[in-house]
Amino acid sequence: MSTGLAIHPGKTIGVLGGGQLGRMLAQAANRLGYRVQIYEPQEDCPAGAAAYREVNAPYEDLAALTDFARGCDVITFEFENVPAASLQAIESLAVLRPHWNVLWTAQNRSREKRWLRDHQFPHAKFAEGTDVAAGIREVGVPCVVKTADFGYDGKGQLKVMTEADIAAAVQKFAGQPVVIEQFVDFACEVSAVVARSPSAAVRVFPIAENIHTNHILDFSIVPARVAPAVAAAAEKLARLIAEKINLVGVMGVEFFVTKTGEVLVNELAPRTHNSGHWTLDACMTSQFEQQVRAICGLPLGAVTLQSPVVMVNILGDAWAQGEPNWDALLAQPNVRLHLYGKTDPRPGRKMGHFTVLARDADMALEFARKYKARLGGAAP
Ligand code: AMP
C-alpha cells in the first residue's frame, strides 16, 4: 500500500552514527539512488567513506545537529546510544524514523525490560535499581547483573553463578543503576530482524540462530536449527513487538530459547542487527535495503531465504599474528567477504564479517568454522 508520502530515490537520508551499520545502510541507499549524509562524532568513520557527506560533531551539539537535519528528508540512527533528547530536538526539522520514543525505550535496559513486562512479552525475571544486593536477593542466584545504560556485546555485565560471586558484583556496580536478570540456562539463542513501514506493513526475516563467544556474536546460522514452532513463536513475537512499539524502520530482537522450547525476549535494538548481516548475501532484500524501504515509505522487500547461510564476525583478534589471510578466504567459491574499512584492529572490535552459503545449515557452519580458523593466523 502506498501512503502517497513516500520519500523517493534522489532524496537525502541522514544517519546518526557512523559505524558499520551506517556504512552498509549507505551502500544499500546509494544503490537505490539516495543521497546519504552521516553524522558521527569521530572522524573517518566507516559509514562516512560510503556516504555523500560526513559531519563530525558531538550528538549534544544541537546547532550542528539542527544544521545537519535541515539538509535531510528523512533521518534515522544506526547507533543505540545517540541521546534520545538529541533526536527529539530535531524531530520537527525532518522526518525521523523510528520515532525517538522507540530508541528511548530500547537504549536503557530498565526501560526496555519494563516495557516488555508492561506489554506482557515473555522475558527472564528481573529486578532493577541501584541496590545490587537487594536485586540479587529478589531474583536469586544464578543471575546476570547488567548496567542499565550503555551496555552492548556483554560490556557492563557480570554473571553471578554462586553466592560467592555476590560480593564482587555488589562492589563492581556500587551505586549504578542496574538490571539484574535471572540467568537463563538456554538451549540456544535466536534473533529476528523485523521491518515495519509507515503504512503498518510488517515483514520478518527468517529467524537466525546465534552463537556468542565472550558475549560477542560469533556465528549466525540460518535457517535456525530449532523446531518450527520455536521459529514461528520468535517471528510472531518480533512482529507483535514492532506493532506495539509503533516501529517505523527495522529492529533486531534477540531471544533465548529455553530447554523446554519457551522463547524469551532478551533485547530490542531499533536498527539493523549484526545477526541480520547474512541477508546481504542470502535474501533478495538485505536488512539494510529493508531499512531504507521502511524509513522512506517504499514497499517492503521480499525476505525469503535464497540459500542456507552462516555469517561469521571478523574481530580485531584475527590480526593477532598479522594481516588475516584474505586470499585463502576469497579463494572459496561459497564465501562473501565484507570489511568495514576500519584501520585499528583491536581485540573484540568488529572489523568485518563473511558469509558462507551451503546446501544446509550444518554444512555451512562446518565450512564457516574451518574458514574462520584459517583466517585468524592459526599456527601453521
Ligand atoms: P546482552 O548484551 O544482554 O544481549 O548479553 C550478551 C550475551 O550474554 C547474550 O547474548 C547471552 O549469550 C549472554 N546473556 C545475557 N543475559 C543472559 C541471561 N540472563 N542468562 C544467560 N545468558 C545471558
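**Exercise 1.** Find how far a polar side-chain atom of Glu267 lies from an oxygen atom of the ligand in this predicted model.

*Solution.* Start at the side chain of Glu267. One of its polar atoms lies 2.8 Å from a ligand oxygen. The cut-off for a polar contact is 3.5 Å. Next, turn to His212. An N or O atom in the side chain of His212 is 3.5 Å from an oxygen atom of the ligand. Then take Gln182. Here a polar backbone atom is 2.9 Å from a nitrogen atom of the ligand. Finally, look at the cover. The ligand taken alone exposes 470 Å², and the protein buries 95% of that.

**Exercise 2.** Describe the shell around the ligand: which residues come nearest, and which elements give two or more residues?

*Solution.* The ligand has 17 residues around it. Those that come nearest are Lys146, Glu181, Val184, Glu189 and Glu267. Now sort the shell by character. Five residues are nonpolar, six are polar and six are charged. Then go to the elements. Two or more residues come from each of β7 (143–147), β9 (178–182), β14 (249–257) and β15 (263–269).

**Exercise 3.** Place the ligand among the domains. Why does it lie between domain 2 and domain 3?

*Solution.* First, list the domains. The protein is divided into domain 1 (12–96), domain 2 (125–182) and domain 3 (186–375). Next, ask where shell residues come from. Both domain 2 and domain 3 contribute some, so the ligand lies between these two. Last, locate domain 1. Its centre is separated from that of domain 2 by 34 Å, taken over C-alpha atoms.

Definitions and conventions: Residues numbered from 1 in each chain as written. Predicted model: local features only at pLDDT ≥ 70, side-chain atom pairs only at ≥ 80, totals over all residues. Heavy atoms only, no water. Near = heavy atom within 4 Å. Polar contact = N/O pair within 3.5 Å; in protein donor to acceptor, adjacent residues only side chain to side chain. Areas by Shrake-Rupley, 256 points an atom, 1.4 Å probe, with all protein chains shown as cover. Helix = DSSP H or I, 4+ residues; strand = E, 2+ residues; numbered from the N terminus. Nonpolar A, V, L, I, M, F, W, Y, C, P; charged D, E, K, R; others polar. Domains from an automatic or database assignment.
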